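Hi,

Here is the structure I said I would pass on. Have a look at it first, and then read my notes underneath.

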Amino acid sequence: MNQDWRGTLIRQLLLLLAGCLLVGLLSGQYAWALAIGLGAWLGWTLWQLLRLQDWLSNRPDEPPPYSRGLWGEVFDSLYHLQRRQQRARERLQAVIERIQESTTALRDAVVMLDADGNLEWWNPAAERLLGLKSPQDHGQPVTNLVRHPRFKEYFEQSSHPEPLELPSPLDDHCRLQLHITHYGHGQRLLLARDVTRMHQLEQMRKDFVANVSHELRTPLTVIGGYLETLLDAPDDANPRRRRALERMQQQARRMQALLDDLLLLARLEASDYPTDNQPVPVAALLRRIQADAETLSGARGHRIELEADPQLHLKGSELELHSAFANLVFNAVKYTQDGGQIRIRWRADAEGAHLAVEDDGIGIEERHLPRLTERFYRVDAGRASRTGGTGLGLAIVKHVLARHHGRLEIVSRVGRGSTFTCHFPASQLLRHQEQA
Ligand code: ADP
(Lines give C-alpha, C1' and ligand atoms only; values in the text may rest on other atoms or scores of the structure.)
Protein backbone atom coordinates (compact mmCIF):
# COMPACT_ATOMS: atom_id res chain seq x y z
CA MET A 1 0.00 0.00 0.00
CA ASN A 2 1.56 3.35 -0.90
CA GLN A 3 1.26 6.65 0.98
CA ASP A 4 -1.69 7.95 -1.11
CA TRP A 5 -3.82 4.93 -0.40
CA ARG A 6 -3.08 5.09 3.31
CA GLY A 7 -4.33 8.71 3.41
CA THR A 8 -7.40 7.88 1.33
CA LEU A 9 -8.26 4.96 3.59
CA ILE A 10 -7.89 7.09 6.73
CA ARG A 11 -10.05 9.81 5.14
CA GLN A 12 -12.74 7.29 4.20
CA LEU A 13 -12.75 5.84 7.72
CA LEU A 14 -12.97 9.30 9.27
CA LEU A 15 -15.83 10.16 6.89
CA LEU A 16 -17.62 6.95 7.87
CA LEU A 17 -17.16 7.75 11.57
CA ALA A 18 -18.42 11.30 11.01
CA GLY A 19 -21.48 9.96 9.11
CA CYS A 20 -22.19 7.50 11.93
CA LEU A 21 -21.87 10.24 14.54
CA LEU A 22 -24.22 12.46 12.51
CA VAL A 23 -26.82 9.69 12.29
CA GLY A 24 -26.27 9.06 16.03
CA LEU A 25 -26.83 12.78 16.72
CA LEU A 26 -30.08 12.82 14.73
CA SER A 27 -31.38 9.52 16.09
CA GLY A 28 -29.86 9.70 19.57
CA GLN A 29 -28.50 6.12 19.03
CA TYR A 30 -24.75 6.64 18.79
CA ALA A 31 -23.79 3.03 19.52
CA TRP A 32 -26.18 1.57 16.96
CA ALA A 33 -25.21 4.07 14.33
CA LEU A 34 -21.51 3.26 14.85
CA ALA A 35 -22.11 -0.50 14.94
CA ILE A 36 -24.21 -0.44 11.76
CA GLY A 37 -21.77 1.86 9.94
CA LEU A 38 -18.65 -0.17 10.85
CA GLY A 39 -20.51 -3.47 10.26
CA ALA A 40 -21.50 -2.33 6.75
CA TRP A 41 -17.87 -1.37 6.03
CA LEU A 42 -16.59 -4.69 7.34
CA GLY A 43 -19.23 -6.57 5.30
CA TRP A 44 -18.20 -4.73 2.13
CA THR A 45 -14.53 -5.48 2.78
CA LEU A 46 -15.25 -9.18 3.34
CA TRP A 47 -17.35 -9.25 0.19
CA GLN A 48 -14.43 -7.85 -1.84
CA LEU A 49 -12.14 -10.44 -0.26
CA LEU A 50 -14.51 -13.22 -1.29
CA ARG A 51 -14.63 -11.86 -4.87
CA LEU A 52 -10.84 -11.81 -4.92
CA GLN A 53 -10.65 -15.38 -3.68
CA ASP A 54 -13.29 -16.49 -6.19
CA TRP A 55 -11.43 -14.83 -9.08
CA LEU A 56 -8.00 -16.22 -8.12
CA SER A 57 -9.23 -19.77 -7.66
CA ASN A 58 -11.93 -20.09 -10.34
CA ARG A 59 -11.19 -17.67 -13.17
CA PRO A 60 -7.56 -16.59 -12.90
CA ASP A 61 -7.18 -16.12 -16.68
CA GLU A 62 -10.17 -13.76 -16.97
CA PRO A 63 -9.98 -10.05 -16.20
CA PRO A 64 -10.49 -9.32 -12.49
CA PRO A 65 -13.91 -8.32 -11.07
CA TYR A 66 -14.59 -4.59 -11.19
CA SER A 67 -14.16 -2.69 -7.97
CA ARG A 68 -13.52 0.83 -6.83
CA GLY A 69 -10.99 2.39 -4.53
CA LEU A 70 -8.31 0.39 -2.83
CA TRP A 71 -9.87 -2.94 -3.76
CA GLY A 72 -9.96 -1.91 -7.40
CA GLU A 73 -6.26 -1.10 -7.15
CA VAL A 74 -5.49 -4.50 -5.55
CA PHE A 75 -7.40 -6.31 -8.31
CA ASP A 76 -5.60 -4.38 -11.05
CA SER A 77 -2.14 -4.87 -9.55
CA LEU A 78 -2.69 -8.61 -9.19
CA TYR A 79 -4.00 -8.76 -12.75
CA HIS A 80 -0.92 -6.97 -14.12
CA LEU A 81 1.40 -9.21 -12.14
CA GLN A 82 -0.38 -12.24 -13.49
CA ARG A 83 -0.17 -10.97 -17.08
CA ARG A 84 3.53 -10.26 -16.69
CA GLN A 85 4.18 -13.78 -15.40
CA GLN A 86 2.12 -15.25 -18.20
CA ARG A 87 4.11 -13.35 -20.81
CA ALA A 88 7.39 -14.48 -19.20
CA ARG A 89 6.10 -18.07 -19.22
CA GLU A 90 5.16 -17.80 -22.88
CA ARG A 91 8.58 -16.40 -23.73
CA LEU A 92 10.30 -19.25 -21.87
CA GLN A 93 8.04 -21.79 -23.53
CA ALA A 94 8.95 -20.34 -26.94
CA VAL A 95 12.65 -20.62 -26.10
CA ILE A 96 12.20 -24.23 -24.97
CA GLU A 97 10.28 -25.03 -28.14
CA ARG A 98 12.98 -23.45 -30.29
CA ILE A 99 15.69 -25.45 -28.46
CA GLN A 100 13.68 -28.62 -28.88
CA GLU A 101 13.15 -27.91 -32.57
CA SER A 102 16.86 -27.35 -33.11
CA THR A 103 17.85 -30.48 -31.18
CA THR A 104 15.24 -32.41 -33.18
CA ALA A 105 16.96 -31.26 -36.36
CA LEU A 106 20.37 -32.36 -35.00
CA ARG A 107 21.95 -35.47 -36.49
CA ASP A 108 23.75 -36.12 -33.19
CA ALA A 109 21.94 -37.70 -30.26
CA VAL A 110 21.30 -35.52 -27.20
CA VAL A 111 20.08 -37.24 -24.03
CA MET A 112 19.35 -35.45 -20.75
CA LEU A 113 19.92 -37.54 -17.63
CA ASP A 114 18.86 -36.74 -14.08
CA ALA A 115 21.15 -36.89 -11.04
CA ASP A 116 20.56 -40.68 -10.75
CA GLY A 117 21.46 -41.32 -14.37
CA ASN A 118 17.84 -41.88 -15.48
CA LEU A 119 16.58 -40.71 -18.86
CA GLU A 120 14.70 -37.39 -18.73
CA TRP A 121 14.53 -36.22 -22.30
CA TRP A 122 16.12 -37.07 -25.68
CA ASN A 123 15.93 -35.99 -29.31
CA PRO A 124 14.84 -38.21 -32.25
CA ALA A 125 18.49 -38.85 -33.24
CA ALA A 126 18.93 -40.61 -29.87
CA GLU A 127 16.15 -43.02 -30.87
CA ARG A 128 17.89 -43.66 -34.19
CA LEU A 129 21.44 -44.04 -32.83
CA LEU A 130 20.90 -45.50 -29.36
CA GLY A 131 17.53 -47.21 -29.84
CA LEU A 132 15.73 -45.27 -27.08
CA LYS A 133 11.95 -45.59 -27.21
CA SER A 134 9.52 -42.86 -26.31
CA PRO A 135 7.68 -42.87 -23.92
CA GLN A 136 8.43 -46.30 -22.40
CA ASP A 137 12.12 -45.56 -21.70
CA HIS A 138 11.39 -42.39 -19.73
CA GLY A 139 12.87 -42.61 -16.23
CA GLN A 140 14.89 -45.75 -17.08
CA PRO A 141 18.58 -45.87 -16.03
CA VAL A 142 20.70 -45.17 -19.13
CA THR A 143 23.00 -48.11 -18.29
CA ASN A 144 20.00 -50.46 -18.77
CA LEU A 145 19.63 -49.26 -22.33
CA VAL A 146 23.26 -48.80 -23.39
CA ARG A 147 24.58 -52.02 -21.95
CA HIS A 148 28.16 -52.12 -23.21
CA PRO A 149 30.49 -52.79 -20.20
CA ARG A 150 32.84 -50.02 -21.32
CA PHE A 151 29.97 -47.54 -21.31
CA LYS A 152 29.07 -48.54 -17.74
CA GLU A 153 32.66 -48.00 -16.68
CA TYR A 154 32.82 -44.66 -18.52
CA PHE A 155 29.48 -43.55 -17.08
CA GLU A 156 30.63 -44.23 -13.52
CA GLN A 157 33.74 -42.07 -13.82
CA SER A 158 33.55 -38.78 -11.95
CA SER A 159 34.79 -36.73 -14.92
CA HIS A 160 34.79 -37.38 -18.65
CA PRO A 161 37.54 -35.39 -20.33
CA GLU A 162 37.72 -37.78 -23.30
CA PRO A 163 34.89 -39.20 -25.41
CA LEU A 164 34.30 -42.94 -25.68
CA GLU A 165 34.00 -44.86 -28.93
CA LEU A 166 31.71 -47.88 -29.05
CA PRO A 167 29.76 -50.01 -31.53
CA SER A 168 26.13 -48.86 -31.68
CA PRO A 169 23.73 -50.95 -29.55
CA LEU A 170 21.54 -51.30 -32.67
CA ASP A 171 24.11 -52.15 -35.32
CA ASP A 172 27.60 -53.59 -34.78
CA HIS A 173 28.90 -51.99 -37.99
CA CYS A 174 28.01 -48.53 -36.82
CA ARG A 175 30.51 -46.79 -34.47
CA LEU A 176 29.38 -44.16 -32.04
CA GLN A 177 31.37 -41.57 -30.16
CA LEU A 178 29.80 -40.84 -26.77
CA HIS A 179 30.60 -37.91 -24.55
CA ILE A 180 29.13 -37.06 -21.16
CA THR A 181 28.96 -33.48 -19.85
CA HIS A 182 27.91 -32.50 -16.33
CA TYR A 183 25.54 -29.60 -15.69
CA GLY A 184 23.11 -28.26 -13.08
CA HIS A 185 22.92 -30.22 -9.82
CA GLY A 186 24.43 -33.56 -10.76
CA GLN A 187 22.54 -33.81 -14.05
CA ARG A 188 24.35 -35.11 -17.10
CA LEU A 189 24.07 -34.60 -20.83
CA LEU A 190 24.97 -37.54 -23.05
CA LEU A 191 25.96 -36.70 -26.62
CA ALA A 192 26.39 -39.43 -29.23
CA ARG A 193 27.51 -39.08 -32.85
CA ASP A 194 27.97 -41.50 -35.67
CA VAL A 195 31.70 -41.79 -36.44
CA THR A 196 31.50 -44.92 -38.60
CA ARG A 197 33.16 -43.24 -41.59
CA MET A 198 36.01 -41.83 -39.53
CA HIS A 199 36.43 -45.19 -37.85
CA GLN A 200 36.60 -46.97 -41.22
CA LEU A 201 39.25 -44.54 -42.48
CA GLU A 202 41.24 -44.98 -39.29
CA GLN A 203 40.89 -48.75 -39.65
CA MET A 204 42.11 -48.57 -43.26
CA ARG A 205 45.16 -46.60 -42.11
CA LYS A 206 45.92 -49.11 -39.38
CA ASP A 207 45.45 -52.08 -41.73
CA PHE A 208 47.69 -50.43 -44.31
CA VAL A 209 50.52 -49.86 -41.83
CA ALA A 210 50.14 -53.37 -40.42
CA ASN A 211 50.13 -54.97 -43.89
CA VAL A 212 53.10 -52.99 -45.16
CA SER A 213 55.07 -53.79 -42.02
CA HIS A 214 54.21 -57.43 -42.36
CA GLU A 215 55.11 -57.58 -46.06
CA LEU A 216 58.44 -55.83 -45.49
CA ARG A 217 59.48 -58.29 -42.85
CA THR A 218 60.35 -61.21 -45.15
CA PRO A 219 62.56 -59.28 -47.63
CA LEU A 220 64.31 -57.65 -44.71
CA THR A 221 64.96 -61.02 -43.05
CA VAL A 222 66.48 -62.27 -46.34
CA ILE A 223 68.70 -59.18 -46.66
CA GLY A 224 69.75 -59.49 -43.02
CA GLY A 225 70.54 -63.18 -43.54
CA TYR A 226 72.75 -62.52 -46.58
CA LEU A 227 74.54 -59.68 -44.83
CA GLU A 228 75.34 -61.96 -41.94
CA THR A 229 76.66 -64.64 -44.30
CA LEU A 230 78.82 -62.09 -46.11
CA LEU A 231 80.16 -60.74 -42.83
CA ASP A 232 80.90 -64.24 -41.60
CA ALA A 233 82.98 -65.02 -44.71
CA PRO A 234 86.56 -65.42 -43.41
CA ASP A 235 88.21 -64.59 -46.77
CA ASP A 236 86.87 -61.04 -46.87
CA ALA A 237 89.74 -58.92 -45.74
CA ASN A 238 88.83 -55.66 -47.50
CA PRO A 239 88.16 -53.27 -44.55
CA ARG A 240 86.11 -50.74 -46.60
CA ARG A 241 83.83 -53.49 -47.86
CA ARG A 242 83.52 -54.88 -44.36
CA ARG A 243 82.63 -51.48 -42.89
CA ALA A 244 79.98 -51.01 -45.56
CA LEU A 245 78.51 -54.41 -44.79
CA GLU A 246 78.49 -53.67 -41.07
CA ARG A 247 76.68 -50.36 -41.65
CA MET A 248 74.16 -52.17 -43.83
CA GLN A 249 73.58 -54.78 -41.15
CA GLN A 250 73.15 -52.09 -38.50
CA GLN A 251 70.55 -50.29 -40.61
CA ALA A 252 68.78 -53.56 -41.45
CA ARG A 253 68.49 -54.27 -37.70
CA ARG A 254 67.10 -50.80 -37.17
CA MET A 255 64.49 -51.36 -39.86
CA GLN A 256 63.67 -54.70 -38.28
CA ALA A 257 63.13 -52.99 -34.90
CA LEU A 258 60.95 -50.37 -36.58
CA LEU A 259 58.78 -53.02 -38.23
CA ASP A 260 58.51 -54.93 -34.95
CA ASP A 261 57.37 -51.76 -33.16
CA LEU A 262 54.90 -50.87 -35.92
CA LEU A 263 53.41 -54.37 -35.80
CA LEU A 264 53.18 -54.25 -32.01
CA LEU A 265 51.40 -50.88 -32.18
CA ALA A 266 49.01 -52.26 -34.80
CA ARG A 267 48.26 -55.20 -32.51
CA LEU A 268 47.69 -52.88 -29.56
CA GLU A 269 45.30 -50.77 -31.58
CA ALA A 270 43.32 -53.73 -32.87
CA SER A 271 41.55 -54.32 -29.53
CA ASP A 272 40.65 -52.30 -26.48
CA TYR A 273 41.69 -54.78 -23.82
CA PRO A 274 44.59 -57.25 -23.67
CA THR A 275 43.30 -60.75 -24.39
CA ASP A 276 45.68 -62.52 -22.03
CA ASN A 277 44.52 -60.86 -18.82
CA GLN A 278 46.53 -62.63 -16.11
CA PRO A 279 48.23 -61.66 -12.84
CA VAL A 280 51.70 -60.57 -13.96
CA PRO A 281 54.58 -60.97 -11.47
CA VAL A 282 56.08 -57.55 -12.10
CA ALA A 283 59.16 -57.97 -9.88
CA ALA A 284 60.30 -61.04 -11.83
CA LEU A 285 59.58 -59.27 -15.11
CA LEU A 286 61.67 -56.28 -14.00
CA ARG A 287 64.56 -58.55 -12.99
CA ARG A 288 64.65 -59.93 -16.54
CA ILE A 289 64.50 -56.41 -17.98
CA GLN A 290 67.29 -55.32 -15.62
CA ALA A 291 69.50 -58.18 -16.88
CA ASP A 292 68.74 -57.26 -20.52
CA ALA A 293 69.48 -53.60 -19.79
CA GLU A 294 72.87 -54.57 -18.30
CA THR A 295 73.63 -56.48 -21.48
CA LEU A 296 72.55 -53.47 -23.58
CA SER A 297 74.73 -51.18 -21.49
CA GLY A 298 77.67 -53.58 -21.85
CA ALA A 299 80.95 -51.70 -21.67
CA ARG A 300 79.18 -48.39 -21.03
CA GLY A 301 78.95 -49.47 -17.41
CA HIS A 302 75.62 -48.10 -16.19
CA ARG A 303 74.67 -48.92 -12.63
CA ILE A 304 71.15 -50.33 -12.77
CA GLU A 305 69.35 -50.71 -9.43
CA LEU A 306 66.06 -52.49 -8.91
CA GLU A 307 63.75 -52.16 -5.91
CA ALA A 308 60.53 -54.10 -6.42
CA ASP A 309 57.81 -55.39 -4.15
CA PRO A 310 57.74 -59.11 -5.10
CA GLN A 311 54.18 -59.60 -3.84
CA LEU A 312 52.71 -56.90 -5.97
CA HIS A 313 51.19 -58.33 -9.16
CA LEU A 314 49.44 -56.46 -11.92
CA LYS A 315 46.43 -57.66 -13.88
CA GLY A 316 47.12 -57.61 -17.60
CA SER A 317 49.23 -58.92 -20.42
CA GLU A 318 52.79 -59.93 -19.49
CA LEU A 319 53.96 -59.50 -23.07
CA GLU A 320 52.60 -55.97 -23.35
CA LEU A 321 53.83 -54.88 -19.93
CA HIS A 322 57.26 -56.30 -20.76
CA SER A 323 57.39 -54.17 -23.94
CA ALA A 324 56.35 -51.02 -22.11
CA PHE A 325 58.67 -51.39 -19.11
CA ALA A 326 61.60 -52.55 -21.26
CA ASN A 327 61.16 -49.49 -23.50
CA LEU A 328 61.44 -47.18 -20.49
CA VAL A 329 64.47 -48.95 -19.02
CA PHE A 330 66.27 -49.25 -22.38
CA ASN A 331 65.60 -45.56 -23.08
CA ALA A 332 67.18 -44.74 -19.73
CA VAL A 333 70.27 -46.72 -20.80
CA LYS A 334 70.30 -45.13 -24.26
CA TYR A 335 69.91 -41.57 -23.04
CA THR A 336 72.23 -41.70 -20.01
CA GLN A 337 75.95 -41.10 -20.28
CA ASP A 338 78.34 -44.01 -19.65
CA GLY A 339 78.55 -45.02 -16.02
CA GLY A 340 75.28 -43.25 -15.21
CA GLN A 341 72.84 -44.40 -12.56
CA ILE A 342 69.43 -45.92 -13.35
CA ARG A 343 66.89 -46.80 -10.64
CA ILE A 344 63.82 -48.94 -11.23
CA ARG A 345 61.22 -48.92 -8.44
CA TRP A 346 57.96 -50.86 -8.24
CA ARG A 347 55.82 -50.08 -5.22
CA ALA A 348 52.23 -49.53 -4.10
CA ASP A 349 50.54 -46.90 -1.94
CA ALA A 350 46.98 -45.82 -1.18
CA GLU A 351 46.44 -44.51 -4.72
CA GLY A 352 47.62 -47.64 -6.54
CA ALA A 353 50.93 -48.97 -7.86
CA HIS A 354 53.77 -47.08 -9.46
CA LEU A 355 56.68 -48.12 -11.61
CA ALA A 356 59.34 -45.43 -11.74
CA VAL A 357 62.37 -45.51 -14.03
CA GLU A 358 64.78 -42.80 -12.97
CA ASP A 359 68.03 -41.87 -14.64
CA ASP A 360 70.64 -39.15 -14.23
CA GLY A 361 71.07 -38.83 -17.98
CA ILE A 362 70.82 -36.01 -20.49
CA GLY A 363 67.21 -35.10 -19.65
CA ILE A 364 64.55 -33.54 -21.88
CA GLU A 365 63.54 -29.90 -22.28
CA GLU A 366 60.15 -29.08 -20.74
CA ARG A 367 58.60 -28.01 -24.07
CA HIS A 368 59.03 -31.52 -25.52
CA LEU A 369 57.34 -33.37 -22.67
CA PRO A 370 53.67 -33.06 -23.78
CA ARG A 371 54.48 -34.43 -27.27
CA LEU A 372 56.96 -37.11 -26.28
CA THR A 373 54.50 -40.02 -26.57
CA GLU A 374 53.51 -39.11 -30.14
CA ARG A 375 54.66 -41.53 -32.82
CA PHE A 376 58.04 -40.62 -34.31
CA TYR A 377 58.32 -37.54 -32.12
CA ARG A 378 61.96 -36.93 -31.46
CA VAL A 379 63.58 -34.43 -29.19
CA ASP A 380 66.58 -34.36 -31.45
CA ALA A 381 66.90 -36.43 -34.63
CA GLY A 382 70.67 -36.82 -34.27
CA ARG A 383 70.34 -38.17 -30.75
CA ALA A 384 67.76 -40.76 -31.85
CA SER A 385 69.66 -42.02 -34.88
CA ARG A 386 72.84 -42.42 -32.81
CA THR A 387 70.99 -44.56 -30.30
CA GLY A 388 69.15 -46.54 -32.98
CA GLY A 389 65.72 -45.62 -31.60
CA THR A 390 62.57 -46.10 -33.65
CA GLY A 391 60.64 -43.13 -32.25
CA LEU A 392 57.80 -45.49 -31.36
CA GLY A 393 58.89 -46.64 -27.92
CA LEU A 394 56.94 -44.14 -25.83
CA ALA A 395 53.88 -44.42 -28.11
CA ILE A 396 53.88 -48.14 -27.29
CA VAL A 397 54.26 -47.37 -23.58
CA LYS A 398 51.28 -44.99 -23.68
CA HIS A 399 49.09 -47.51 -25.51
CA VAL A 400 49.97 -50.38 -23.20
CA LEU A 401 49.29 -48.24 -20.13
CA ALA A 402 45.92 -47.10 -21.47
CA ARG A 403 44.95 -50.75 -21.97
CA HIS A 404 45.88 -51.40 -18.32
CA HIS A 405 44.04 -48.31 -17.02
CA GLY A 406 47.38 -46.70 -16.27
CA ARG A 407 48.99 -43.41 -17.21
CA LEU A 408 52.49 -42.16 -17.81
CA GLU A 409 54.04 -39.24 -15.96
CA ILE A 410 57.29 -37.73 -17.18
CA VAL A 411 59.45 -35.44 -15.09
CA SER A 412 62.74 -34.32 -16.57
CA ARG A 413 65.42 -31.68 -16.32
CA VAL A 414 68.04 -31.08 -18.93
CA GLY A 415 71.42 -32.30 -17.75
CA ARG A 416 69.96 -33.71 -14.52
CA GLY A 417 68.02 -36.73 -15.72
CA SER A 418 64.48 -37.99 -16.19
CA THR A 419 61.91 -40.01 -14.29
CA PHE A 420 59.25 -41.89 -16.22
CA THR A 421 56.52 -43.15 -13.88
CA CYS A 422 53.69 -45.52 -14.80
CA HIS A 423 50.75 -45.12 -12.42
CA PHE A 424 48.22 -47.94 -12.13
CA PRO A 425 44.93 -47.77 -10.20
CA ALA A 426 44.40 -50.06 -7.19
CA SER A 427 41.76 -51.98 -9.20
CA GLN A 428 44.56 -53.39 -11.42
CA LEU A 429 46.56 -54.82 -8.51
CA LEU A 430 46.75 -58.25 -6.93
CA ARG A 431 48.77 -59.15 -3.84
CA HIS A 432 50.39 -62.55 -3.90
CA GLN A 433 51.66 -64.14 -0.72
CA GLU A 434 54.24 -66.40 -2.35
CA GLN A 435 57.49 -64.94 -3.64
CA ALA A 436 57.34 -63.92 -7.25
P1 ADP B 1 63.22 -43.63 -29.45
O2 ADP B 1 63.01 -44.97 -30.04
O3 ADP B 1 63.70 -42.59 -30.39
O4 ADP B 1 63.95 -43.70 -28.16
P5 ADP B 1 60.91 -43.11 -27.83
O6 ADP B 1 59.48 -42.94 -28.21
O7 ADP B 1 61.26 -44.24 -26.94
O8 ADP B 1 61.73 -43.15 -29.17
O9 ADP B 1 61.37 -41.76 -27.15
C10 ADP B 1 61.10 -40.52 -27.77
C11 ADP B 1 62.16 -39.52 -27.46
O12 ADP B 1 62.15 -39.21 -26.08
C13 ADP B 1 63.56 -40.02 -27.73
O14 ADP B 1 63.94 -39.72 -29.05
C15 ADP B 1 64.42 -39.27 -26.73
O16 ADP B 1 64.87 -38.06 -27.27
C17 ADP B 1 63.46 -38.95 -25.60
N18 ADP B 1 63.67 -39.81 -24.43
C19 ADP B 1 63.03 -40.95 -24.10
N20 ADP B 1 63.47 -41.45 -22.92
C21 ADP B 1 64.41 -40.60 -22.49
C22 ADP B 1 65.28 -40.57 -21.34
N23 ADP B 1 65.21 -41.52 -20.38
N24 ADP B 1 66.12 -39.52 -21.22
C25 ADP B 1 66.16 -38.57 -22.16
N26 ADP B 1 65.42 -38.55 -23.27
C27 ADP B 1 64.56 -39.55 -23.46
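Below is what I found, starting with the ligand and moving on to the empty spaces and two backbone oddities. Keep in mind that this is a predicted model.

**The ligand**

Let's begin with the ligand and its neighbours. There are 21 residues around it, and the ones that come nearest are N331, Y335, T390, G391 and L394. If you sort the shell around the ligand by residue class, you get ten nonpolar, seven polar and four charged residues.

A few polar pairs are worth pulling up on screen. At T390, a backbone N or O atom is 2.8 Å from an oxygen atom of the ligand. The side chain of D359 has an N or O atom 2.9 Å from a ligand nitrogen. Then there is K334, where a polar side-chain atom lies 3.4 Å from an oxygen atom of the ligand. How much of the ligand does the protein bury? On its own the ligand exposes 530 Å², and 99% of that is buried by the protein.

As for where this happens, the ligand sits in the second largest pocket. Four elements give two or more residues each to the shell around the ligand: α10 (318-334), α11 (381-387), α12 (393-403) and β12 (417-425). Of these, α10 has the largest share, with three residues.

**The largest pocket**

So much for the ligand site; now for the pocket that tops the list. The largest pocket has a volume of about 1,900 Å³. Its lining is made up of 46 residues, and R150, E162, P163, A402 and R403 are the ones nearest the centre. By class, that lining has 15 nonpolar, 15 polar and 16 charged residues.

Many elements feed into the lining of the largest pocket. Those supplying at least two residues each are α6 (149-156), β3 (164-167), β4 (175-183), α7 (196-232), α8 (239-270), α12, β11 (407-413) and β12. You will recognise α12 and β12 from the shell around the ligand, where each gives two or more residues as well.

**A closed space**

How many cavities of 30 Å³ or more are there? The count comes to one, and the largest cavity has a volume of about 50 Å³. It is lined by R205, K206, V209, L262, L265, A266, E269 and R375. In terms of class, this lining divides into four nonpolar and four charged residues, with no polar ones.

Both α7 and α8 supply at least two residues to the lining of the largest cavity. The largest share, four residues, comes from α8. These two helices also each supply at least two residues to the lining of the largest pocket.

**Two backbone spots**

Lastly, a bit of backbone geometry. Most residues other than glycine have a negative phi, and most peptide bonds are trans. Two places here go the other way. The peptide bond from S134 to P135 is cis, with omega near 0°, and P135 lies in the loop between α4 (124-130) and α5 (142-145). F376 is not a glycine, yet its phi is positive, at about 60°. You will find F376 in the loop between β10 (352-359) and α11.

Happy to go through any of this with you on screen.

Cheers

Notes. Residues numbered from 1 in each chain as written. Predicted model: local features only at pLDDT ≥ 70, side-chain atom pairs only at ≥ 80, totals over all residues. Heavy atoms only, no water. Near = heavy atom within 4 Å. Polar contact = N/O pair within 3.5 Å; in protein donor to acceptor, adjacent residues only side chain to side chain. Areas by Shrake-Rupley, 256 points an atom, 1.4 Å probe, with all protein chains shown as cover. 1 Å grid on protein atoms, 1.4 Å probe; cavity = no way out; pocket = protein on both sides within 12 Å on 5 of 7 lines; lining within 4 Å. Sits in = over half its atoms within 2 Å of the grid points. Nonpolar A, V, L, I, M, F, W, Y, C, P; charged D, E, K, R; others polar. Points joined across faces, edges and corners; volume = space filled by probe spheres on them.
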